[in-house]
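Reader: I am new to this structure and would like to know how its descriptions are justified. Could you walk me through the reasoning?

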Amino acid sequence: MTDRLAPPALEITDLSVDFAVEGYWRPAAKHLTYSIDRGEVVAVVGESGSGKSVSSMAILDLLPTTARVRGSIRLDGEERSEEHTSEL
């Protein structure tokens, strides 16, 4: 049973990832919002090029320095997006 008072294990709000290409920002993932409670299993499904890998890499802070991450990434209720060093 999920503790309704506890924050989600992972909460993503309005996550967008862009890459700098030839002086312009090119979107790779736009405005993703979802949450995952403790004990939940989630599958990220979508067409090729829809941003599945890029958004997952943004959550794990594994993007190159040419990436810009916007939005909120909260792990156990704590904001993590401020720790991302990949934003230009």
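Author: Gladly! Let us begin with pairing: two strands pair if DSSP finds at least two bridges between them. Please keep in mind that this is a predicted model.

Reader: Why are E1 and E2 called a pair?

Author: Strand E1, residues 10–21, is joined to E2 over nine bridges in the antiparallel sense. The rule asks for at least two bridges, so E1 and E2 count as paired. Along this pairing, Glu 11 stands opposite Ser 35 in E2, and Ala 20 has Trp 25 of E2 opposite.

Reader: What makes E3 and E4 a pair, and how many bridges join them?

Author: Two bridges join E3 to E4. Since the rule requires at least two, E3 and E4 qualify as a pair. These strands run antiparallel, and Leu 75 has Glu 78 in E4 as its bridge partner.

Reader: How do you know that E1 and E3 pair?

Author: Eight bridges join E1 to E3, and at least two are needed, so this is a pair as well. Here too the strands run antiparallel. Ile 12 stands opposite Ile 73 in E3, while Thr 13 has Ser 72 in E3 as its bridge partner.

Reader: Which strand order do these pairings give?

Author: The four strands form an open sheet in the order E2-E1-E3-E4, with antiparallel pairing.

Reader: Why are E2 and E4 described as standing at the edges?

Author: Strand E2 (24–36) and strand E4 (78–79) each have a single partner strand, so one side of each is left without a neighbour in the sheet.

Reader: What lies between the strands of each hairpin?

Author: E1 and E2 form a hairpin with two residues between them, and Glu 22 in that turn has a positive phi of about 50°. E3 and E4 also form a hairpin with two residues between them; its turn holds Asp 76, with a positive phi of about 50°.

Reader: Where does the helix fit in?

Author: Helix H1, residues 52–59, lies across E1, E2 and strand E3 (67–75), and runs at about 110° to E1. Read along the sequence, the chain follows the pattern β-β-α-β-β.

Reader: Now to the charged side chains. Why is the contact of Asp 18 with Arg 68 called a salt bridge?

Author: The closest N and O atoms of Asp 18 and Arg 68 are 2.9 Å apart. A salt bridge needs a side-chain nitrogen of Lys or Arg within 4 Å of a carboxyl oxygen of Asp or Glu, so this pair qualifies. The pair links distant parts of the chain: Asp 18 is in strand E1 and Arg 68 in strand E3, 50 residues apart.

Reader: Are Asp 18 and Arg 68 buried or exposed?

Author: Buried means under 20% relative accessible area. Asp 18 is at 4%, so Asp 18 counts as buried. Arg 68, at 19%, also falls under that cut-off and therefore counts as buried.

Reader: What makes Arg 70 a salt-bridge partner of Asp 18?

Author: Their closest N and O atoms are 2.6 Å apart, and the limit is 4 Å, so Arg 70 and Asp 18 form a salt bridge. Arg 70 lies in strand E3 and Asp 18 in strand E1, so the pair ties together parts that are 52 residues apart in sequence.

Reader: Why is Arg 70 called partly exposed?

Author: Its relative accessibility is 37%. Partly exposed covers what lies between the 20% and 50% cut-offs, so Arg 70 belongs there.

Reader: How do you know that Asp 76 and Arg 38 form a salt bridge?

Author: The N to O distance between their side chains is 2.7 Å, within the 4 Å limit, so the pair counts. Asp 76 is in the loop between E3 and E4, and Arg 38 in the loop between E2 and H1, 38 residues apart. Asp 76, at 44% relative accessibility, counts as partly exposed, and so does Arg 38 at 42%.

Reader: Which residues make up a salt-bridge network?

Author: Asp 18, Arg 68 and Arg 70 are joined into one network by salt bridges that share partners.

Reader: And what makes Met 57 eligible for a surface patch?

Author: Met 57, in helix H1, has a relative accessible area of 33%. A patch takes residues with over 30%, so Met 57 passes that cut-off. Together with Leu 60 and Leu 62, Met 57 forms a nonpolar patch with about 300 Å² of accessible area.

Technical notes: Residues numbered from 1 in each chain as written. Predicted model: local features only at pLDDT ≥ 70, side-chain atom pairs only at ≥ 80, totals over all residues. Heavy atoms only, no water. Contact = heavy atoms within 4.5 Å. Axes fitted to C-alpha atoms, helices over the stretch in contact; angles between N-to-C directions. Patch = residues over 30% accessible without salt bridge, like charges linked within 9 Å, V, L, I, M, F, W, Y side chains within 5 Å. Areas by Shrake-Rupley, 256 points an atom, 1.4 Å probe, with all protein chains shown as cover. Buried < 20%, exposed > 50% of the residue type's maximum accessible area, 1.4 Å probe, protein only.
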